Amino acid sequence: MDEDALAEDLRREVGELVRAVRTVDTMPTGEAAILGFLDRRGPLTTADLARLRGVTHQSAAKSVKALSGDGLVRAEPHHDDGRKLLLHLTEAGRSRLRRERALRAGALGAAIRETFDPDEKQLLSESLTLLSRLTARLTGH
């Protein structure tokens, strides 16, 4: 087995799947990503978010400004460095993120129901463990 060819096929298919699921999003991908990071990791600075997203500080700041304007995140002074602001997910932001995730899960769930027979659904379920192990290896978690 050629692991490099398998890796490329996996990368391509997972990327296509992610892009297909995102077609139901009702907000820009960058903004949804920021809400997700704040939900999973807790309060972060704009610089933290830029690093996590792999974008410029300016790009992250633009998304943060939009989210703040919509009341989805709030900023407060950093407890260790008063020059920085810590961004927090508001209850409205958490609710919006839940709706986005539900839309994605609903679209993916419908596709699974319409595409796979019971044996294939079981195989897909079992493959999640393998994907999780692969992710852990790549992220060091």
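Residues are classed as buried under 20% relative accessible area, exposed over 50% and partly exposed in between (1.4 Å probe, protein chains only). The model is predicted, with local features requiring pLDDT of at least 70 and side-chain atom pairs counted only at pLDDT 80 or more, while totals for chains, interfaces and linings use all residues. Residues are numbered from 1 along each chain as its sequence is written, and side-chain values use heavy atoms, with hydrogens and water left out.

The structure holds 13 salt bridges (a side-chain nitrogen of Lys or Arg within 4 Å of a carboxyl oxygen of Asp or Glu). In helix H3 (residues 46-53; helices are DSSP runs of H or I, at least four residues, and strands are runs of E, at least two, numbered from the N terminus), Asp-48 and Arg-51 are three residues apart, about one helical turn. Their side chains form a salt bridge with an N to O distance of 3.9 Å; Arg-51 is exposed at 57% relative accessibility, whereas Asp-48 is partly exposed at 23%. Salt bridges with shared partners also connect Asp-39, Glu-91, Arg-94, Arg-98 and Arg-101 in one network. Within this group, Arg-101 and Asp-39 pair at 2.9 Å, N to O, thereby linking helix H5 (residues 91-115) to helix H2 across 62 residues.

The largest nonpolar core (buried Ala, Val, Leu, Ile, Met, Phe, Trp, Tyr and Cys residues joined through side-chain atoms within 4.5 Å) has 15 residues, and Leu-35 is among those with the most contacts inside it. Helix H2 (29-41), helix H4 (57-69) and strand S2 (85-89) each give two or more residues to this core, and the largest share, five residues, comes from H2.
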